[in-house]
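Me: Could you walk me through this structure? I'd like to go question by question, with the reasoning spelled out.

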Amino acid sequence: MDGNGRWARARMLPRAIGHREGVKSVRRTVETCIDKGIGALTLFAFSSENWRRPSDEVSKIMDLFVNTLKKEVAALDRNNVRLRFIGDRSAFSSNLQQLIRDSELQTAGNRQLELVIAANYGGQWDITQACRKLVDRVQAGELQAEEITQQSLAQEMCIADLPLPDLFIRTGGERRISNFLLWQLAYTELYFTDILWPVFDEVEFGKALDWFANRQRRFGRTGEQVEQLTGA
Ligand code: IPE
Ligand code: MG
């Protein structure tokens with residue numbers, strides 16, 4: 001969700017106002033997913049690298065997390081949205097950690113939309129924590145080192161229970177993954193738009209979905225094979 005700061009600066013507003021405006025885009029995007037029956041949405045809210053920002057901006061973003069959770073969880077729950085967080089949450093204040101736990105518990109039974117918030121998340125961190133879990137299992141004698149496979153590692157990655165992402169959308173003009181879901185994005189269609197996150201709306205989301213609908217997903221096969229398989 002890139003471009004909050006530039007959106008604000010272009011209006012001579014402080015960057016934090018851009019983040020606040022970005023929350024409105026989150027709400028719109030979640031509503032669009034519900035309308036369209038999209039089953040899972042993962043939002044990159046705060047990367048493990050974002051701590052390098054000025055401390056004032058970091059603390060405003062943390063306040064926004066706290067306030068947004070307090071305000072939005074009831075409505076998400078009513079809309080049958082399951083909320084969960086991926087990333088190293090131990091770096092957050094105990095208040096925020098408590099809100100995260102409560103929101104996950106409250107919405108755990110919901111099925112309309114899996115809404116995943118990546119916060120203090122990094123794809124390299126994710127791969128590393130998955131390796132550590134495998135090592136723990138080897139040390140506990142539950143798993144032989146030779147049994148470590150792509151599948152056993154995949155099972156320890158965050159959101160391993162969800163389908164792999166079909167579509168990645170990056171707003172704000174950069175053509176980078178920036179340490180988002182590195183493992184999980186292996187076969188994901190990558191969509192980049194110059195639109196800044198606060199102005200990303202259902203029309204822009206629709207453009208990304210239309211673009212996605214016209215991609216041929218080959219997963220290593222040839223175009224001819226895929227046409228035979230799909231009867232296209
Ligand atoms: C929001 O956009 C992403 C967060 C880390 C919260 P930015 O804050 O990166 O906005 P730009 O790139 O400065 O415009
Ligand atoms: Mg940015």
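**Domains, cysteines and loops**

Me: Before we start, what kind of model is this?
Reply: Keep this in mind for everything below. The model is predicted.

Me: How is the protein chain divided into domains?
Reply: There are two pieces to look for, and one of them is written as two stretches joined by a plus sign: 4–121 + 164–230 make up domain 1. Residues 122–162 go to the other piece, domain 2. So the division, which rests on an automatic or database domain assignment, is domain 1 (4–121 + 164–230) and domain 2 (122–162).

Me: And how many residues does each domain put into the contact?
Reply: The centres of domain 1 and domain 2, taken over C-alpha atoms, are 25 Å apart. The contact between them draws on both sides: 19 residues from domain 1 and 14 residues from domain 2.

Me: What share of the area buried between domain 1 and domain 2 comes from carbon and sulfur atoms?
Reply: Start with the total, which is about 1300 Å² buried between domain 1 and domain 2. Carbon and sulfur atoms account for part of that area, and their share is 67%.

Me: Which residue forms a salt bridge with D161?
Reply: Across the interface of domain 1 and domain 2, the rule finds one salt bridge. For D161, the closest N and O atoms are 2.9 Å from each other, and the cut-off is 4 Å. The partner of D161 is R84.

Me: How many residue pairs are in polar contact across the interface of domain 1 and domain 2?
Reply: Both residues of a pair have to be at pLDDT 80 or more to be counted here. With that condition, the number of pairs across the interface of domain 1 and domain 2 is seven.

Me: Which element gives the largest share of the side of domain 1 that touches domain 2?
Reply: The elements giving two or more residues to that side are β1 (40–47), β2 and β3 (113–121). The largest share is four residues, and it comes from β3.

Me: Now the cysteines. How many disulfides are there?
Reply: A disulfide is a covalent bond between the sulfur atoms of two cysteines. The closest cysteine sulfur to that of C131 is in C158, and at 12 Å it is too far for a bond. Going the other way, the sulfur of C158 has its closest cysteine sulfur in C131, also at 12 Å and too far. The count of disulfides is therefore zero.

Me: Is C158 buried or exposed?
Reply: For contrast, C131 has a relative accessible area of 35%, so C131 is partly exposed. C158 has a relative accessible area of 13%, and the cut-off for buried is under 20%. That makes C158 buried.

Me: Over to the backbone. What is the phi of N80?
Reply: N80 sits in the loop between α3 (55–78) and β2 (81–86), and with 32% relative accessibility N80 is partly exposed. N80 is a residue other than glycine, yet its phi is positive, near 65°.

Me: Where does S178 lie?
Reply: S178 also has a positive phi, about 50°, although S178 is not a glycine. Its relative accessible area is 31%, so S178 counts as partly exposed. As for its place, S178 lies in the loop between β4 (167–170) and β5 (189–192).

Me: Which residues does L182 touch, leaving out those up to four places away in sequence?
Reply: L182 is in the loop between β4 and β5, and at 33% relative accessibility it is partly exposed. Leaving out those sequence neighbours, L182 touches G123, Q124, I127 and I177.

Me: How many Å apart in space are E174 and D2, C-alpha to C-alpha?
Reply: E174 is placed in the loop between β4 and β5. In sequence, E174 and D2 are 172 residues apart, but E174 touches D2 as well as F192. C-alpha to C-alpha, E174 and D2 are separated by 8.4 Å.

Me: Last one: which residue has its backbone nitrogen 3.1 Å from a polar atom of the T193 side chain?
Reply: T193 is in the loop between β5 and α7 (202–213), and its relative accessible area of 8% makes T193 buried. T193 touches R170, T171, G172, G173 and E204, not counting residues up to four places away in sequence. The backbone nitrogen at 3.1 Å from the T193 side chain belongs to I195.

Key
Residues are numbered from 1 along each chain as its sequence is written. Chains are lettered from A and ligands numbered from 1 in the order in which they are written. This is a predicted model: local features need pLDDT of at least 70, side-chain atom pairs count only at pLDDT 80 or more; totals for chains, interfaces and linings use all residues. Side-chain values use heavy atoms; hydrogens and water are left out. Buried means under 20% relative accessible area, exposed over 50%, partly exposed in between (1.4 Å probe, protein chains only). Contact means heavy atoms within 4.5 Å. A disulfide is a pair of cysteine sulfur atoms within 2.5 Å. Buried area is the accessible area (1.4 Å probe) that two parts lose on being put together, summed over both. A salt bridge is a side-chain nitrogen of Lys or Arg within 4 Å of a carboxyl oxygen of Asp or Glu. A polar contact is a pair of N or O atoms within 3.5 Å; within protein, one must be able to donate a hydrogen and the other to accept it, and residues adjacent in sequence count only if both atoms are side-chain atoms.
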